[in-house]
Amino acid sequence: MKLFKNIILFTAAVLFAACQTDVETPQLYNPENFVAPVLSKCGDIIVNADNSNSENVIFSWTAADFGQPVQILYSVYLTLDGKEGLIGTSNSTSFAISKGDINGIVINSLGTVANEKAEGITAYVTAQVANTSNYAPIKSEPSNAFSVQTYAAPLKWLYLCGEFSNSWEIANAPQFWETGGGTSTYTCMVDFTPVPAKEATHSFFKVTTAQDWGSANWGYNDLKPSWTCEENNDGNLSLPLADANIYEITVNTVVMTIDQKAIGKILGLSGDFNAWGNDAADAAFSYDYMSSTWKTDVVALEAGQEIKVRADGAWTTNWGTSGKNSTAIQGGIELAAGGDNLTVPESGNFIVVLHANRTPFVLEFQKQ
């Protein structure tokens with residue numbers, strides 16, 4: 001009986017070894033033998049107010065070949081005069097994008113002008129094995145040259161809602177604007193401290209398209225954050241509060257990304273009126289989610305005095321004048337990061353309002 005068991009075990013070992021020998025692990029081609037995709041011919045594109053949201057442009061290409069049936073991530077780009085812009089990604093051999101989004105990419109990524117025909121644009125597509133960084137993407141040849149007739153698109157907007165907006169009060173979610181018409185990129189600076197105040201290590205929020213939950217809203221499952229979110233399985237985005245509660249947030253709705261930049265703990269107004277922080281503390285801004293603005297208490301200012309906005313009482317992060325008056329906020333002054341000192345327009349008592357939900361930021365003097 002023991003001999004019979006040993007024979008069975010030996011036979012099983014031999015069969016297992018044979019299986020190990022006969023079954024080969026699937027192998028990709030050597031990278032130099034990868035076959036890149038080939039784009040189909042691109043036609044000229046005309047964008048206007050009537051078709052920007054109702055019509056799509058479809059880019060298509062042949063499948064890349066890596067030697068095995070693997071999942072492939074394709075990325076499509078437009079190029080012009082050395083500049084390029086990503087228009088989207090796909091797991092299939094085509095990608096559809098609205099003419100309005102094409103318009104924004106051509107104007108803002110390729111540096112063309114609204115209401116003009118941009119000539120000589122080309123496209124290309126890259127392919128890479130999905131879910132691995134072991135292989136560099138392979139790139140198609142450029143497409144034929146084509147033109148895009150652009151137009152001056154109006155600004156669009158989104159909303160933020162979360163613990164900072166009175167415990168997810170969606171009806172008063174703060175609004176923030178595109179960086180430019182048709183860019184599909186939206187930026188704002190927000191104090192993410194939870195309201196009402198509570199002990200918290202993180203602040204949770206989502207991006208919404210309207211001030212109601214019946215419209216589209218995007219969290220961790222929809223946007224690709226450039227940072228790690230706590231408790232992301234519930235779909236909410238989150239930001240850490242240990243080192244900063246003020247963040248600049250940027251959302252791109254073409255590639256569905258969201259990026260953050262930590263600003264600090266306190267936003268303040270400094271200048272001649274407080275000897276640039278030497279005689280008194282900066283006049284602190286408080287974030288008002290209801291109006292999506294930052295406001296100081298009443299500050300006494302004199303005509304000709306110079307001021308700037310800064311974070312945490314230091315000059316590492318500050319904003320001054322860009323030299324332009326705002327066309328969006330009546331009486332407002334456009335700001336630039338690290339810009340020149342602003343000059344107070346007249347003497348009086350003012351609430352100074354920072355509109356940090358648009359690009360560029362705007363400073364407004366509200367005389368009391």
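Guide: A cavity is a set of points where a 1.4 Å probe fits but cannot get out. Keep in mind that this is a predicted model.

Visitor: How many cavities of 30 Å³ or more does the structure hold?

Guide: The structure holds one cavity of 30 Å³ or more. The volume of the largest cavity is about 40 Å³.

Visitor: Which residues line the largest cavity?

Guide: The lining includes Leu160, Pro174, Gln175, Phe176, Cys188, Met189 and Val190. Tyr287, Ser292, Ala356 and Asn357 also line the largest cavity.

Visitor: Which strands each supply at least two residues of that lining?

Guide: They are β10 (175–177) and β11 (185–191). β11 gives the most, with three residues.

Visitor: How do the lining residues divide into nonpolar, polar and charged?

Guide: Eight are nonpolar and three are polar. No charged residue lines the largest cavity.

Visitor: Cys188 is in that lining. How many disulfides does the structure hold?

Guide: First, the general idea. A disulfide covalently joins the sulfur atoms of two cysteines. Here the cut-off is a pair of cysteine sulfur atoms within 2.5 Å. The structure holds zero disulfides.

Visitor: Why is the sulfur of Cys161 without a bond to the closest cysteine sulfur?

Guide: Because the closest cysteine sulfur, in Cys188, is 13 Å away, too far for a bond. Cys161 itself is buried, at a relative accessible area of 0%.

Visitor: And where is the cysteine sulfur closest to that of Cys229?

Guide: In Cys188 again, 15 Å away, so it is too far for a bond.

Visitor: Is Cys229 buried or exposed?

Guide: Buried means under 20% relative accessible area. Cys229 has 5% relative accessibility, so Cys229 counts as buried.

Notes:
Residues are numbered from 1 along each chain as its sequence is written. This is a predicted model: local features need pLDDT of at least 70, side-chain atom pairs count only at pLDDT 80 or more; totals for chains, interfaces and linings use all residues. Side-chain values use heavy atoms; hydrogens and water are left out. On a 1 Å grid over the protein atoms alone, a cavity is a set of points where a 1.4 Å probe fits but cannot get out, and a pocket is an open set with protein on both sides within 12 Å along at least five of seven lines; lining residues have an atom within 4 Å of a point. Grid points are joined across faces, edges and corners, and a volume is the space filled by probe spheres set on the points. Helices (H or I, at least four residues) and strands (E, at least two) are DSSP runs, numbered from the N terminus. Ala, Val, Leu, Ile, Met, Phe, Trp, Tyr, Cys and Pro count as nonpolar, Asp, Glu, Lys and Arg as charged, and the others, Gly among them, as polar. Buried means under 20% relative accessible area, exposed over 50%, partly exposed in between (1.4 Å probe, protein chains only).
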